[in-house]
Each structure stands twice: as C-alpha cells, then as structure tokens.
Amino acid sequence: MVINSIVYRHGKRNESIALEDVGDVLNEEKAFLWVGLWQPDPDFMRKLQKRFGLHDLAIEDALTAHQRPKIEQYGDSLFIVVKTARLKDDDQIQFGETHFFVGKNFLVTVRHGASESYAPIRQRAEENTAMLCDGPGYALYCSLDFIVDHYSQITASLSNRISDMEDAMFRTEFDRQTVKDVYTLRRHLLALRNAAMPVDEICQQLVRFHEDVIPKSLRAYIRDVQDHAHHVVIDAEDMREMLTSAMHVNLALVSVQQNEVGKKLAGWGAILIIPTIIFSMYGMNFEDMPELHAKLGYPVILGVTLVICLLLWRRLKRSGWL
C-alpha cells in the first residue's frame with residue numbers, strides 16, 4: 001500500500017520514514033513529508049488520519065473510489081480529487097483517481113484504478129531543489145501537471161485513429177462495427193472531457209485562496225496546468241464533434257446510395273411495364289397475331305416494343321435514373 005514515504009529537507013531528498021515516526025517531521029521547519037499510497041485499506045487509512053490529523057469526510061471519500069473531481073478544505077489541509085487516464089494498446093481509455101491530502105508540510109497521494117507510475121514525478125520534483133524548498137506545493141504541481149499531460153498525450157494519440165475512422169465513415173457502405181467504434185470513442189472522449197474540465201476550477205481555487213500551499217512563485221505554474229487542461233477540454237469536444245459529423249455524413253451517403261438504387265429499380269420497372277402491357281393486350285396466343293393472321297404482326301409488335309423500351313431507357317439514362 002505504501003509506495004514511498006520520503007522526507008524532504010531544504011528541498012533535498014532525505015531518508016525514507018515509517019508512518020509511525022512522522023510526528024517529529026511534521027513539526028520541523030523547511031521540511032515536509034511526501035507519501036505515496038496505492039489503494040490502501042480502511043485500517044491503514046484510519047492510522048494515516050491520526051498521524052496527519054485528517055478529516056473524517058476526507059478519509060471516507062478517499063476510501064470510496066469513483067469520486068467526482070473536486071477540491072475541499074478541511075481545517076488546515078486540502079483534499080483534492082483528480083481523475084487519471086491511461087491509453088491501452090487497443091486505444092481504449094482506462095480511468096482511475098488520485099486523491100491528494102495537502103498540508104503545510106505534507107503531501108499524501110492515494111491512487112485508485114488505472115494510473116501510470118508516479119516515479120517520474122518525484123524525479124522531476126527532486127531535480128528542482130529551489131522550488132521544492134517552498135514545501136509540498138511544488139510536488140502537488142508536478143503531480144497535477146503529470147496527470148494533465150497524460151490527458152494531452154491521449155488526445156494526440158487518438159487524433160490518428162479518428163482520421164482513420166473518418167476515412168472509414170466516408171463510404172457508401174454501412175459498417176456497423178465502425179459505427180460502434182465511433183460511439184465507444186465518443187463516450188471515452190466525453191469521460192476525458194469531464195475529467196479535465198474540473199481541473200480548471202481546482203487550479204483557480206489553488207491560485208486564489210490557498211497561498212499557504214501555493215506561494216506566489218508557483219502561481220504561474222498552476223495557471224499553466226489550468227491552460228493545458230482547458231486545451232484538453234477543447235480538443236476532446238472538437239474530436240467528438242468531428243466524429244458526430246462523420247457519422248452524419250456516412251448516414252447521408254448510405255441514404256443517397258439507397259436512393260440511387262431505388263431510382264434504378266424504378267427506371268427498369270418503367271421499361272419492363274411497356275412490353276408487359278403490350279403483350280397482355282395481344283396475348284400472342286394465336287398464329288401471326290396481332291390483328292388476326294397478319295404475317296408481320298408478331299415481329300412488328302416486337303420491334304415497336306423494343307424501340308419504345310430503348311427510347312425510354314435513353315430518356316431515363318439522360319435524367320440520371322439509370
């Protein structure tokens with residue numbers, strides 16, 4: 001359950017520490033604790049609550065996954081929920097959650113579901129000791145930026161697949177599987193949009209109301225995360241609109257093709273109705289019919305029928321019905 005529990009002093013990584021020994025660290029100046037957890041059980045979270053003085057409601061939310069993205073303040077600490085996303089090999093998006101407990105000198109991350117390793121986040125944060133000296137705010141920024149960057153990577157990766165889907169939709173044949181894939185992708189893009197949209201509000205609140213966690217030197221960085229999340233929302237909406245338009249175009253093309261087939265069938269039906277009428281009138285059941293024993297009756301009627309059919313075919317061909 002505990003991935004990492006590291007003490008940082010003056011912006012530099014120090015020793016790992018057990019949760020039972022965090023009391024002294026929490027009272028130190030220029031020091032903070034960064035704890036990373038993976039799907040902890042209730043008993044462990046209760047112990048964590050006592051060590052860090054966390055609120056009951058925040059602990060309850062952290063134990064229950066499928067929370068909506070949000071930011072809440074409980075006393076001197078913040079509780080933040082952000083959706084995480086990961087793109088599978090089959091271009092399916094898996095979603096998870098990361099819960100943040102942020103205090104003046106601690107940051108606790110609780111991961112649920114699909115998520116990439118947070119080791120690169122620590123490495124990136126530890127490379128900038130000057131920013132890390134300000135406390136857990138920079139570590140929080142690195143985590144949020146890492147999550148939002150994955151949103152952007154997913155939208156960039158899906159752009160090629162969407163182009164292929166559009167090519168498949170611009171056909172006159174109806175492909176049930178392609179339409180099903182388009183619907184599934186639109187649903188995933190909606191979920192990605194709903195994951196990225198609340199990050200805008202979270203970043204806005206961090207900049208405006210929580211200077212104790214986000215000092216002035218970090219505000220520009222948080223606004224950059226906010227801007228990236230806004231771009232993800234726009235990209236996801238644009239992609240959904242493109243897929244919707246492609247589906248409408250495909251249905252229109254299929255309808256036009258069906259109309260063309262109907263016109264051709266109607267045209268051939270009009271041609272065939274002429275000999276049907278003529279032959280039904282005369283029957284051709286007597287010798288040298290029509291007009292009773294006319295030697296050329298049969299070939300003349302046959303020729304007239306053929307000429308009329310050819311003239312009608314030519315007229316329908318010019319009008320585009322055949």
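This briefing walks through the buried cores, one helix face, the internal spaces and a few individual residues of the structure above. The model is a predicted one, so please read every value here as computed from it. A good place to start is the largest nonpolar core, which has 53 residues, and a handy residue for finding your way around is Thr98, in strand 6.

**The nonpolar cores**

- Within the 53-residue core, the residues with the most contacts inside it are Ile80, Val82, Phe100, Leu140, Tyr151 and Leu206.
- Helix 6, spanning residues 136-169, gives the most to this core, with 14 residues.
- There is also a second, separate core of 24 residues, and among its members are Ile17, Leu19, Val35 and Leu37.
- Val82 makes a good viewpoint: apart from neighbours within four places in sequence, Val82 is in contact with Gly96, Glu97, Thr98, Phe100, Leu144, Ile147, Tyr151, Val199 and Ile202.

**Thr98 and its surroundings**

- Thr98 sits in strand 6, which covers residues 93-103.
- Is Thr98 buried or exposed? Thr98 counts as buried because its relative accessibility is 0%, and the cut-off for buried is under 20%.
- The side chain of Thr98 makes a polar contact with the side chain of Tyr118, at 2.5 Å.
- Setting aside neighbours within four places in sequence, the contacts of Thr98 include Ile80, Val81, Val82 and Thr84, and also Thr109, Val110, Arg111, Tyr118 and Ile147.

**Helix 2 and its two sides**

- Helix 2 runs over residues 42-52, and Phe44, Met45, Leu48, Gln49 and Phe52 are buried in it.
- Viewed down the helix axis, these buried residues fall within an arc of 145 degrees, so they line one face of helix 2.
- As background, an α-helix has 3.6 residues a turn, so residues three or four places apart point the same way.
- Asp43, Lys47 and Lys50 are exposed on the other side of helix 2.
- Which elements cover the buried residues of helix 2? The cover includes strand 1 (2-9), helix 1 (22-26) and strand 3 (31-38), along with helix 3 (56-63), strand 6 and strand 7 (106-113).
- Gly53, just after helix 2, takes a positive phi of about 65 degrees.

**Cavities**

- How many cavities of 30 Å³ or more does a search of the whole structure find? The search finds two.
- The largest cavity has a volume of about 60 Å³.
- Its lining is made by Thr84, Ala85, Ser115, Glu116, Tyr118, Phe146, Ile147 and His150.
- Strand 5 (77-87) and helix 6 are the elements that give two or more residues to that lining.
- Helix 6 provides the largest share of the lining, three residues.
- Tyr118, one of the lining residues, is also the polar partner of the Thr98 side chain.

**The largest pocket**

- The largest pocket has a volume of about 300 Å³.
- This pocket is lined by 19 residues, and those nearest its centre are Glu29, Lys30, Ala31, Lys104 and Asp134.
- Strand 1 and strand 3 each supply at least two residues of the pocket lining.

**Arg187 in helix 7**

- Arg187 lies in helix 7, which covers residues 176-209.
- With a relative accessible area of 47%, Arg187 is partly exposed.
- The C-alpha atoms of Arg187 and Arg240 are separated by 8.6 Å, although these residues are 53 residues apart along the chain.

Terms used
Residues are numbered from 1 along each chain as its sequence is written. This is a predicted model: local features need pLDDT of at least 70, side-chain atom pairs count only at pLDDT 80 or more; totals for chains, interfaces and linings use all residues. Side-chain values use heavy atoms; hydrogens and water are left out. Helices (H or I, at least four residues) and strands (E, at least two) are DSSP runs, numbered from the N terminus. Buried means under 20% relative accessible area, exposed over 50%, partly exposed in between (1.4 Å probe, protein chains only). A polar contact is a pair of N or O atoms within 3.5 Å; within protein, one must be able to donate a hydrogen and the other to accept it, and residues adjacent in sequence count only if both atoms are side-chain atoms. Contact means heavy atoms within 4.5 Å. A nonpolar core is a set of buried Ala, Val, Leu, Ile, Met, Phe, Trp, Tyr and Cys residues joined through side-chain atoms within 4.5 Å. The arc is that of the directions from the helix axis to the C-beta atoms. On a 1 Å grid over the protein atoms alone, a cavity is a set of points where a 1.4 Å probe fits but cannot get out, and a pocket is an open set with protein on both sides within 12 Å along at least five of seven lines; lining residues have an atom within 4 Å of a point. Grid points are joined across faces, edges and corners, and a volume is the space filled by probe spheres set on the points.
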